[in-house]
Amino acid sequence: MLAMGSANALIVVESGLTNSPTNAQNIDPAFGFIPDQEIEINSSFDLGIPNATVFGFSGDGTFDYYSFSVGTGASPLQIGQTVFFDTDYAQIVGLDTQLTLFGTDGTTVLASNDNAPFDGPGDLVAMTTNSFLSYTFASAGLYYIRVSQADHHTLYGVPLSTRGATYRLNVSTVPLPAAAWLFGSGLLAFFALSRKRKRNKPLLMLGQA
Ligand SMILES: [Ca+2]
Ligand SMILES: [Ca+2]
Ligand SMILES: [Ca+2]
């Protein structure tokens, strides 16, 4: 089941049939801009952060794959943006997550993380075993993020346990490139205005007479 359609549809519920890239659950329609206190990078960019949330209730002994678009317009994620992937609440049900990001072929590993290097919002427990990773996408396409269960003998984890495999997955980004661009053009506009004001100086000084 996928929450679709509106800008407010921020939550995807894991369908239970997402055990490979070919049947990954697409989360593009779930991206919205409503502030979410549990995304990892939120303190000073609370407004206008594209983010999507997945609630996983797997419990079916499989991997959970989700797909998302970058640079195609199907999601707000753009080329050159750093995207953050974060699991929350898994630890309190005894699930030690592993997050793995795959390229557009569904098999090339771009990044993977077992335990977040910090306790972020939604982790609740010190020394979290929830996962966190970030990645800056250089080219457009459909990518895959996988939630699995961490395993000391398997590099990228094993299928989720059939018991208690509940988690929340947050996908978010900081709109830095667009903000920087707007800031730059704002400065240009300011200087242009300053030059114009100088040129019109006699006119502006009338008010002080
Ligand atoms: Ca979090
Ligand atoms: Ca977390
Ligand atoms: Ca972990």
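Here are legends for a few close-up views of a predicted model.

For these views, residues count from 1 along each chain as its sequence is written, while chains are lettered from A and ligands numbered from 1 in the order in which they are written. Because this is a predicted model, local features need pLDDT of at least 70 and side-chain atom pairs count only at pLDDT 80 or more, while totals for chains, interfaces and linings use all residues.

**View 1. The whole chain, strands before helices.** Let's start with the overall layout. The chain has 2 helices and 11 strands (DSSP runs numbered from the N terminus: H or I of at least four residues for helices, E of at least two for strands). Of its 209 residues, 34% are buried, meaning that 20 or more other C-beta atoms, placed from the backbone, lie within 10 Å of a residue's own.

**View 2. Strand β4, largely enclosed.** Here are residues 64-70, and 6 of the 7 are buried, so the rest of the structure largely encloses this strand. Strand β2 (residues 25-26) runs parallel to β4, paired over 2 bridges; pairing takes at least two DSSP bridges between strands. Look for N26 opposite S67 of β4.

**View 3. Strand β9 alongside β4.** These two pair in the antiparallel sense over 7 bridges, with β9 covering residues 141-151. Y65 sits opposite R146 of β9.

**View 4. The β9 to β10 hairpin.** Just 2 residues make the link between β9 and β10. Strand β10 (residues 154-158) pairs with β9 in the antiparallel sense over 2 bridges, and Q149 faces V158 of β10 across the pair.

Methods: Buried ≥ 20, exposed ≤ 12 C-beta atoms within 10 Å, placed from the backbone.
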